[in-house]
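Welcome! Keep the sequence and the model open beside you, and work through the exercises below at your own pace.

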Amino acid sequence: MKYINNIKSPADVKRLSVEEMTELASEMRTLLIEKLSVRGGHCGPNLGIVEATIALHYVFNSPEDKIVFDVSHQSYSHKMLTGRAEAFMSPAHYGDVSGYTEPSESVHDQFVVGHTSTSVSLACGLAKGRDLRGGRNNVIAVIGDGSLSGGEALEGLDWAAELGTNLIIIVNDNQMSIAEDHGGLYRNLAQLRESRGECPDNLFRAMGLDYMYVDKGNDIASLIAAFRKVKGTGHPVVVHINTLKGKGYKPAETDKEHWHWTMPFDIATGKPKTAPGEGYEELTATHLLRLMKADKAVCAITAGTPNIWAWTPERRKEAGSQFVDVGIAEEHAVALASGIAKAGGKPVFGVCSSFLQRTYDQLSQDLCINDSPATILVIKGSLSSMNDVTHLCHFDIPLLANIPNLVYLAPTNREEYLAMLDWSLGYREHPVAIRMPVGPLTPARRAVPADYSELNRYEVAASGKDVAILGLGNFFALGEAVCERLKGHGISATLVNPRYITGIDTALMERLKGSHRLVVTLEDGALDGGFGEKIARYFGPSDMKVLCYGARKAFADRYDVKAFLAENRLRDDLIAEDILATL
C-alpha cells in the first residue's frame, strides 16, 4: 500500500498528482473489498464513490468546508482519507469505526446519519447557519442510491434555491437505488445522462438550481475540474456525476442489487461465507405469491427495499403488477396502501421497523383516521436484529401501539404468523400491522386460530397461579424459559401469549386478580410507552404487582446483543431472580 499508508488527513491527498490519486483509489478499493469480505457491509455504494471522495478532499478543505453524506453508508472512503484508514487496513481494528458518519470519530463527520434523503436538508441548515454567522466556507451535500425519491430530499431541493448562497449538491447517479430505480424523476436522470446534461427537461433547473453534469464520474481529473468550478460559488448548484456502482469488483458491478449490502463473502468467488437458511422473510414472499395467484386484489408494496423481505428480482417478475416498488418513499407507500385498501384491494406494505419511523404522520392521518383495511408488515422489529444506532428496531411498539384504530399483532410462531397474515387480508374493519417474528422459523406446538376478529383476546398457553407471565411475540419463548426456571422453585406460573399489542384482554386481567400476585410482561423492544406499561397502568388501582421487561430508552450503538439483553435483565435467570425477590 504505497499511498494509503501516508494518508493521515485530507491535506495529504492534496500533495498527490492525478496519477497517484488513481493508484490511491485502487489501493482503497482493495482494502474495502478485503474488509467487507470479513465484516460485511455496504459494498456497491462505497466501491462506486471512491474517486469522487478523493476529488472532494483534493478540492475542498474539510473540516472547514462541510461535507454531508446522505444515508452515509457510502462514507467508508471518506473515513480512510480523514485519519481512520487503520480501521480498513488492520483486521484487529475493523470494528473501530461505524458504518456511517459519526462526529465522535472525527471532526470531518458532520452528523450521525443512517436514514435516507436527509443530506440536502441538513446541508441547507449548515449553509443557513453559516450565513447567519457571516461565514464563507463551502457546504457540500452528497446524495445518491435512490435517495432523491424520498420526500425530505425533494423538500430540501425545493427550498435550496431560496438559500441564494453557497450550497453544492453532488448527485451520485449510479443508475440504482438499493434495487432498480423507480419514479419519474429517475427517467429525467436517465435523459440527462443520455444527453450529457443537455436535455431541456431538467428536474434541478426546474427547481431553480444551477446544474453541471460530469459524464465520467469515476475519473478523478474530470471530477476535480468540476469541483473546482463550483468551489466558492455564491449560489446553490447541482453537480450530477455518472458513476458505476460496485466499481472495481466484478461481482458487485454485475449484480448491483445483491451487492448494495452484503454479508461476509469469499473474494475469489463472491459467494457468501455462510448460506442463510429460510426465515420469515422468505416464507412471507413465497406465501404472498401463492395468495396473489389466487386473488388478483392482493398486492405487495415496498419502499425501495424489496430484499428486506426476500422479494428477489425473480419473485418480483413473477408477481408482475401485483408487486409495487415506490422507491425510497415510505410515506407515499403508506398512503398508497390506504388508497388501494379503500378501493377494495388487499395491500401488504413490508417495511423495516427502523424505516417505519418516517411514516408516523401517514400512519395516523392517511391510514388510521380513515380506517383503511391495509396490512403493514413490520420487519426486523427486535432488540437483536440490527444494532447500529441509526438502524435500531426498538421503537415500533411504542410508535404503533398508541395510534387509534390500528390493530397491531405479535405472532409467536410460523403458523400463527401466516394465520394472522391471511386473516388481515380479509379483515375490513381496521388497518392491521403484524410484527414479523425474527430468527429461525418456529413451528406451532398448539392449535392456532384462523380468525382474530374478536380483538384483544389473549391466549393462555399454560395455567398456574401466583405469577402470570405475558410473553409478547418474539419474547414468548423467553416467557417459556422463565416458567421452567420457576418450576425449579416450586412455582407454577401462568403463561400468556397476548397476540394483540394494541389492546388489553380485560376479562383475563380481571381473572388473574383472583389467583395471582404478580404479572410480568416481556417485550422485545423499548419499554417506555410500550406494551408492558399498558398492563401496569391497568393494574395500577389494584393490589397486583407488575414487573415490565424491555429495553431502557436509549440510542444504543453497536452493542453486543447478549450483553445488551443482560444489562436490561432480559435473561430467563435474571427475570426469575427478580420474580422470586418480588414474591
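Two strands pair if DSSP finds at least two bridges between them. Helices (H or I, at least four residues) and strands (E, at least two) are DSSP runs, numbered from the N terminus. This is a predicted model, in which local features need pLDDT of at least 70 and side-chain atom pairs count only at pLDDT 80 or more, while totals for chains, interfaces and linings use all residues. Residues are numbered from 1 along each chain as its sequence is written, and side-chain values use heavy atoms, with hydrogens and water left out.

**Exercise 1. Trace the open sheet of six strands and find its edge strands.**

Step 1. Follow the order S9-S8-S10-S11-S13-S12, where the pairing is parallel.

Step 2. Look for strands that pair on one side only: these are strand S9 (323–325) and strand S12 (407–409).

Step 3. Zoom in on strand S8 (residues 298–302) and strand S10 (residues 346–352), which share four bridges in the parallel sense. Here Val 298 stands opposite Lys 346 in S10.

Step 4. Now add a helix: H13 (residues 280–294) packs on the sheet and touches S8, S10 and strand S11 (375–379). Its direction makes about 145 degrees with that of S8; axes are lines fitted to C-alpha atoms, for helices over the stretch in contact, and angles run from 0 to 180 degrees between N-to-C directions. Touching, or contact, means heavy atoms within 4.5 Å.

**Exercise 2. Describe the salt bridge that Asp 173 forms.**

Step 1. Recall the rule: a side-chain nitrogen of Lys or Arg lies within 4 Å of a carboxyl oxygen of Asp or Glu.

Step 2. The partner of Asp 173 is Arg 193, with the closest N and O atoms 2.8 Å apart.

Step 3. Place both residues: Asp 173 is in strand S4 (residues 167–173) and Arg 193 in helix H9 (residues 184–194), 20 residues apart.

Step 4. Asp 173 counts as buried because its relative accessibility is 3%; buried means under 20% relative accessible area, exposed over 50%, and partly exposed in between (1.4 Å probe, protein chains only).

**Exercise 3. Which side chain of opposite charge is nearest to Lys 35?**

Step 1. Find Lys 35 in helix H2 (residues 18–39).

Step 2. Lys 35 is buried but has no salt bridge, and the nearest side chain of opposite charge is Asp 96, 8.2 Å away. Lys and Arg count as positive and Asp and Glu as negative; His and the chain ends are not counted.

Step 3. Leaving aside neighbours within four places in sequence, the contacts of Lys 35 include Phe 88 and Tyr 94.
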